[in-house]
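The following paragraphs guide a new reader through one protein structure. Please keep the sequence and the structure in view while reading.

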Amino acid sequence: MNLDSENADDKYSLPRNMIENRMFEEEPDVVDLAKESTTFPVALDPDDVVYEPRSSRLLVRGLGENDMDEDDEDCESSARLLGMSFMNRSGAHRSLSSPYTRQGAPRSCARPSARTLVVCMLFLVIVASMTMVLYFLPGCTFTRSGCPKTNTTIPFEKVYPVSTSGEVFPWAQLRLPRSIRPLSYDLTLNPDLDSMTFTGRTIIHMSVLHNTKCIVLHSAYLNITKATFKLGDGQARGVTVLEYKPREQIAVAFTEVLKTGQDCVLTLEYSANLSHTYDGFYNSSYTEKDGSKRVLAATQFEPLSARKAFPCFDAPDFKATFLIRIRRKPNHLSLSNMPKAKTTQLPNDVIEDEFEKTSVNMSTYLVAFIVANFTHISRNVSETQVSVYSVPEKWEHTDYALDTGCKLLEFYNGFFEINYPLKKLDLVAIPDFLAGAMENWGLITFRETSLLVGKQSSNLEKQVVASVIAHELAHQWFGNLVTMRWWNDLWLNEGFATYMQYMSLQTVFPQLDIGNLFLAVRFRALDKDALNSSHAVSTEVNKPEQVEEMFDSVSYEKGASILLMLNASLPGDQQFRKGIIQYLKEFSGLNTDTNDLWNSLTQVSAQHPNVSEMMSSWTSQKGFPLVTVSRKGGQVTLTQEHFRLTSDNATQTSSLWIIPVTYVTDNCSVAPECRRTFYLKTKSGTLKELPESVKWVKVNYRNTGFYITHYEDGGWAALIDALSHNVSVLTHEDRASLVHNMFALSRLGRVSFHQVLHLLKYMSNETHTSPVTEALLQLGVIYRLLDKRQEHRLVARMKSYILHQFGSLMDKQTWEEEDSVSKQELRSALLGMACSLNEEKCISQSRALFKQYVESNGTSRIPGDLQQVVFTVAAQSNEDWATLLTMYGQATYDAEKRKMLRGLASTQDARLIVWVLKAGLRGDVIQTQELPLVISTVCNGFTGYLFVWDFIQENWDSLIEKFPVGSFAIQTIIKSATSHFSTQAHLDQVQGFFYSLRERGSQMRSVQEALETIRLNQRWMEKNLATLEKWL
Ligand SMILES: [Zn+2]
């Protein structure tokens, strides 16, 4: 999946400083839950800790079955059968060490033997009597701290839940048992776009892997109307389906044992509503130019929503084949993963399209189907027909996508040495789509802005489309062909696709200049991973919201960054490629975990330390190292420590990484041959071969390593001195990394803000995009923070500092069409900053361009990279805001339309801000999919950021109805709304609000991140206000 990266724009993340954070003095794993449970937002499921009120029994929660031996398992089943589910399995057995308890591969639902029943009966009488006593005493009676106000620390765990019908549900875990494996699905779907409902029939052929008496699978919001079961060659018979809604599971329980090796078939008929959100089988509509409304239905299943369209084993490692039939009206077409096999006319003007059975085994989250009246263009590449679909009136915006898709498909076929395995590949632009795109096998779905560009579009707009296509196509191998075993290793899909998207564009479309963007992405990944609330690349996940939360910058951007680091550290440019070809071939059609990837890469690489050893240190622990360089004459010592913005002595970690430290010196510093590598595996190491005559050392050549460097003993001064004489002594990536690292170190408290300003002095000679955009971004963050604190004097001085430092470069920018992507990026950053600081020339140029655009009635064009600046300036006048709104309503070109929306949301008029927010929530004038973008834009302004906070509190329930708890959209909304706060009062408000949500959001990692960020902002302000007064 490609997240909507414009929403992910971290441009406005805020400065953080090294502080102590009481909130995080104790990691969740050392919190005394008995003491803290009412205030600490650890990821405790309320289900874990409360009595089951509906039942007359005390149900206690079962442990993962890997913790039990056979007899235990039988005992528990017996207890259940006897209606006496008392089993105190807490205490020593229950681990509080992590809120993300691993659930090992569960096996099967077993029934007790007669012998164990008797033994268990005796045992249970004893246990039950003891438990009865405990039951009638408050759960806290025997705890050290006595009885607190609430009883949220009951030492009991629930065994088996009660299904909707009142019967015991035969499975007690979130993950499905592994006793049954689906082999193939036969799906028939019959959507009714008038009533917005659908009916379906799912036939699942399965194989029994272990003896079992039940089949458990997923289903959510489906009303199952008929169920039949057939074992081997036996007769099909009706069966009862039990449902346990909280876990979105259904089950069929049998009196006989299904034996290992047997085949069976479950057929389920059901009805449901088409979803009104952006996942499952959902409906969408759009209005054509003539005003007529069109409806369509599409799917988005990743991560957990296939179960909302058909009952299935909805986990990535239950791969199977799919044969899909879709019924539709004659004025629609239908699409699915495979090419159409046949079409049948049914009564009542209904047509049934049957698609070929998938030629590959695939995970449920990759299944897709669409019913709409789209048009398409096609071309053949090798054995594959590539097509781009859109709504009819946008078909002329599809050429670029087709061309790009074809070129990239050819590239990947060659690069991976495995041909794309399907006969067709459709790229479809969907009018209502929340993510950036989704890699469904053979039927990739996109937001319109991620796929459609006009002939006049700038290269910068093409860059967006090309990189999303490159990402999704890479998934056809990484993710679709070889899939992560479970969502804890989502990065194997997303980190890889993200890395490949940059890598392939650099090779196939060098004119799109993707390097600057990839560099900026790595900086943002470092910023996020510096927080204590970050997580390891490979992280335990079980609950749905934890799965949703994996779609974040750690899985995507940090994942991509460490792959770049690995590739750059391997000798030659083919070893990495050979390793991944080996991995793809070895695990084709299968599921893997992180170690499988490292093992494949280790096999092809003879280097020391081995890949597996090195890379595990980057995927198994959160954060990244700070490498400090100190120098005494010819001896250069490198020391590593965990770079953490929030830390204190009590929580210092002993994390160590195996770091491929690269470096250059003033003797040779730009060409790739200059690069030297030193493997820093321990706390510190010494570079021996450095001659004393060397003036300076620059570590992390071209910033390919995922770490931050600090130079002691005059190291910074020597580098700054070298740059002030000649900026070309370092590559532009190295210069940008000095800028980024310096700001990061000032937040950490290792360098003063004075040193930051000292480095920025060289900027008057800087002309390359990446160092300038990084400096502007960092200064912009501080500027906005001061603005929000209403530090008027400092705001004015900051403004004149920025204009003084970058004024001549701003003046040099033109307002005409510009071809170079790099120059477009530089120009839009500089002019965006100039206009936001109300720089006169910038404002008047923008206004003139807008006027010309309006008066020409759309015939004159604003260069794509300047549209944002121009629309934002226009929106500051109420009259032009109204004009912009009319234009927004009429615009059909999506990239432009989105920039108009950002303009509209940047108004400082309070009434208009409220209108924009409400319209985004309603979804009529502004699509709800754009709400995260609207919110993040509104928050940048002083007027808007307080409104947004109220808006979110008031509308929280509507928000999580549209965007799932933990999802990237919710992460963006929380971050936008809170990252501008820097006062205790706001911290208290944010904390109070999110804690009050409980299971409706308090457990999210982004809440911890928000609180940590506010505290860091607060500390940064306390520490630096005086400094800024002095030095600005
Ligand atoms: Zn992706």
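This is a predicted model, and its mean pLDDT is 85, with 84% of the residues reaching 70 or more. Confidence falls below 50 over residues 8-105, although this stretch has 252 contacts in the model beyond near neighbours in sequence. Residues 133-155 likewise have a pLDDT under 50, and the model gives them 31 contacts beyond four places in sequence. Where pLDDT is low, the predicted coordinates should not be read in detail.

The zinc ion offers a starting point for the tour. Its protein donors are the N and O atoms of Met-1, NE2 of His-471, NE2 of His-475 and an OE atom of Glu-494, and they lie 2.0 to 2.5 Å from the ion. Along the chain, these donors follow the spacing M-x469-H-x3-H-x18-E.

The two histidines belong to one element of the structure. Helix α8, which comprises residues 459-475, holds both His-471 and His-475, and the four residues that set them apart correspond to about one turn of the helix. Both also fall below the 20% limit for burial. His-471 counts as buried because its relative accessibility is 0%, and His-475 is buried with a relative accessible area of 0%.

Helix α8 also contains Glu-472. The UniProt record, an unreviewed entry, places the feature "active site" at this residue. Is Glu-472 buried or exposed? With a relative accessible area of 0%, Glu-472 is buried. What surrounds Glu-472, leaving aside its neighbours within four places in sequence? Glu-472 is in contact with Met-1, Asn-2, Ala-437, Met-438, Glu-439, Ile-444 and Phe-446. Met-1 thus appears both in this list and among the donors of the zinc ion. For Asn-2, the backbone nitrogen lies 3.1 Å from a polar atom of the Glu-472 side chain.

A further helix, α12, allows a check on geometry. It runs over residues 553-569, and at 1.5 Å a residue its 17 residues should span 24 Å; the C-alpha atoms at its ends are 23 Å apart, which agrees with that expectation. At the N-terminal end of α12, Asp-552 acts as a cap, with a side-chain oxygen 3.1 Å from the backbone nitrogen of Val-554. How is α12 placed with respect to the rest of the structure? Of its 17 residues, 16 are buried, so the helix is largely enclosed by the rest of the structure.

Key
Residues are numbered from 1 along each chain as its sequence is written. This is a predicted model: local features need pLDDT of at least 70, side-chain atom pairs count only at pLDDT 80 or more; totals for chains, interfaces and linings use all residues. Side-chain values use heavy atoms; hydrogens and water are left out. Helices (H or I, at least four residues) and strands (E, at least two) are DSSP runs, numbered from the N terminus. The expected span of a helix is 1.5 Å times one less than its number of residues. Buried means under 20% relative accessible area, exposed over 50%, partly exposed in between (1.4 Å probe, protein chains only). A polar contact is a pair of N or O atoms within 3.5 Å; within protein, one must be able to donate a hydrogen and the other to accept it, and residues adjacent in sequence count only if both atoms are side-chain atoms. pLDDT is the predictor's confidence in each residue, from 0 to 100. Contact means heavy atoms within 4.5 Å. Donors are N, O and S atoms within 2.8 Å of the metal (3.2 Å for Na, K and Ca); water is not among the atoms, so sites may look incomplete. UniProt positions are given in the numbering used here, feature names are shortened, and annotations may be inferred rather than shown by experiment.
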